[in-house]
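Reader: I've got this model open on my screen and I'd like a close look at one part of it, the salt bridges. Could you walk me through them, and then through whatever else helps me get my bearings?

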Amino acid sequence: MPDFSLLAWTLIVVSTYITGISKGGFAGGFGSLSVPLMALAIGPLQAAGLLLPLLIVMDLLSLRAWWGRHDAAEVKRLVPAAAVGILVGALAVDSLDENKVRLMLGVISIAFAAYMLFKPTVHRRPGRLWAALCGGGAGFTSTLAHAGGPPMNLYLLPRQLPKATFIATSVVTFAFINALKIGPFIWLGELTLHSLGTSALLIPVAWFGVRSGIWLQARVNEKAFFRLIIVCMALIGVQLIWRGLQGGT
C-alpha cells in the first residue's frame with residue numbers, strides 16, 4: 001500500500017471516480033478535473049501516472065463498443081500531430097520541477113474552465129493545418145493532465161460529424177493517444193510496477209464511476225452540473241497557480 005496521507009488518498013479516489021463518470025458519458029469535460037485535483041496532494045506527474053493505466057483499461061472497453069464506427073481519415077490526421085504534442089509535453093515537464101508543472105496545470109485548468117464556459121465556435125470546416133494544431137495541443141495537454149478533450153473538440157465539433165461518428169472518432173483517437181503516452185511516462189519514471197499496483201487498487205472505483213456516469217445521464221441536469229465543474233476547475237486552477245508560485249507550500 002503506497003504511503004499516501006488520508007487527504008491524498010481521498011483526492012486520488014475522488015479523481016478516479018470523476019474520470020469514470022466522464023468516461024461513462026456524463027459531463028465529458030469533467031475528466032479534465034482529475035489530475036489537477038490530485039495534484040493538490042501529490043506530484044502532478046505522479047497523479048497522471050496513476051490515471052494512465054486506468055484510462056487505457058477504459059479505452060479498451062470503449063473500443064469494443066465503438067470500433068468500426070469512427071472516421072479513420074480524421075484519426076489519421078489527429079494522431080501523428082498528437083504524437084508530436086506528447087513528445088513536446090514529455091520534454092517540457094522533464095525540464096521543470098513539480099511547482100512549475102503545478103503552475104502550468106493551474107493555467108490549463110483556468111483556460112479549460114473558460115473554454116467550457118464560452119465554447120468558442122468555428123464557422124467553417126477546419127482543414128489539415130487546424131487538425132495538426134489541435135491534435136498537437138491535445139497531445140501536449142493530455143501528457144500534462146490527461147486533458148486533451150478541449151483542443152480535440154475545437155477541431156472535431158466544426159467537422160459536423162454524425163453524433164455516433166464523433167463519439168467513436170474521439171474514443172479511437174484518445175485510445176491511440178493514451179497508448180502513445182506509455183513510453184514517455186515510463187521514461188519520466190511515473191509509470192512503474194509500483195504505480196501499476198496502485199492503479200490496480202483503483203479499478204473498482206473507476207468501474208463504479210463509469211456506471212455512475214451512465215446512470216447520471218438520464219437523471220441529472222447536465223447543464224447545472226457542468227456549471228459546478230467550471231467553478232471547481234477555476235478554483236483548483238487558482239490554487240495550483242498559488243502553490244506553484246509559493247513553491248508548493
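**Salt bridges and their surroundings**

Author: Let's start with Arg 77, which is partly exposed because its relative accessible area is 23%. Keep in mind that you're looking at a predicted model. Arg 77 has a salt-bridge partner in Glu 74, with the closest N and O atoms 2.9 Å apart. Both residues sit in helix 4 (residues 72-94), three residues apart, which is about one turn of the helix. That spacing makes sense: an α-helix has 3.6 residues a turn, so residues three or four places apart point the same way.

Now for the other half of that pair: is Glu 74 buried or exposed? With a relative accessible area of just 1%, Glu 74 is buried, because the cut-off for that is under 20%.

Glu 74 has another partner too. Its side chain meets that of Arg 159 in a salt bridge, at 2.7 Å from N to O. This one ties together distant parts of the chain: Arg 159 is in the loop between helix 7 and helix 8, Glu 74 is in helix 4, and 85 residues separate them. Arg 159 and Glu 74 are both buried. Put the shared partners together and Glu 74, Arg 77 and Arg 159 join into one network.

The count for the structure comes to three salt bridges. The one not yet mentioned is between Lys 100 and Asp 97, whose side chains meet at 3.6 Å, N to O. Lys 100 counts as partly exposed, at 44% relative accessibility, and Asp 97 is partly exposed as well, at 40%.

While you're at Arg 159, have a look at Gln 160. It's in the loop between helix 7 (149-156) and helix 8 (163-180), and its phi is near 55°, a positive value in a residue other than glycine. As background, most residues other than glycine have a negative phi. Gln 160 counts as exposed, at 62% relative accessibility.

Next, the rings. The structure holds two aromatic pairs. Phe 4 and Trp 9 have ring centres 5.5 Å apart and planes at 70°, so that pair is edge-to-face. Phe 4 and Trp 9 are both buried. Tyr 17 and Phe 208 have ring centres 5.7 Å apart and planes at 25°, so they're stacked. This pair also links distant parts of the chain, with Tyr 17 in helix 1 (residues 6-23) and Phe 208 in helix 11, 191 residues apart. Tyr 17 is partly exposed at 27% relative accessibility, and Phe 208 is partly exposed at 48%.

Helix 1 itself has 18 residues and reaches 26 Å from its first C-alpha to its last, close to the 26 Å expected at 1.5 Å a residue. Its buried residues include Trp 9, Leu 11, Ile 12 and Ile 18.

Over in helix 11 (residues 203-217) you'll find Ile 203, which counts as partly exposed at 39% relative accessibility. Along with Val 57 and Leu 61, Ile 203 forms a nonpolar surface patch with about 250 Å² of accessible area together.

Last, the annotation. An unreviewed UniProt entry marks "transmembrane region" over several spans, among them residues 37-57 and 167-188. In the model, residues 37-57 are 76% helix and 0% strand, with the end C-alpha atoms 21 Å apart. Residues 167-188 are 91% helix and 0% strand, and their end C-alpha atoms lie 31 Å apart.

Definitions and conventions
Residues are numbered from 1 along each chain as its sequence is written. This is a predicted model: local features need pLDDT of at least 70, side-chain atom pairs count only at pLDDT 80 or more; totals for chains, interfaces and linings use all residues. Side-chain values use heavy atoms; hydrogens and water are left out. UniProt positions are given in the numbering used here, feature names are shortened, and annotations may be inferred rather than shown by experiment. Helices (H or I, at least four residues) and strands (E, at least two) are DSSP runs, numbered from the N terminus. Patches are made of residues with over 30% relative accessible area and no salt bridge: like charges are joined within 9 Å, nonpolar side chains (Val, Leu, Ile, Met, Phe, Trp, Tyr) within 5 Å. Accessible areas come from the Shrake-Rupley method with a 1.4 Å probe; for residues, only the protein chains shown count as cover. A salt bridge is a side-chain nitrogen of Lys or Arg within 4 Å of a carboxyl oxygen of Asp or Glu. Buried means under 20% relative accessible area, exposed over 50%, partly exposed in between (1.4 Å probe, protein chains only). Rings of Phe, Tyr and Trp (its six-membered ring) pair if their centres lie within 6.5 Å; planes under 30 degrees apart count as stacked, over 60 as edge-to-face and the rest as tilted. The expected span of a helix is 1.5 Å times one less than its number of residues.
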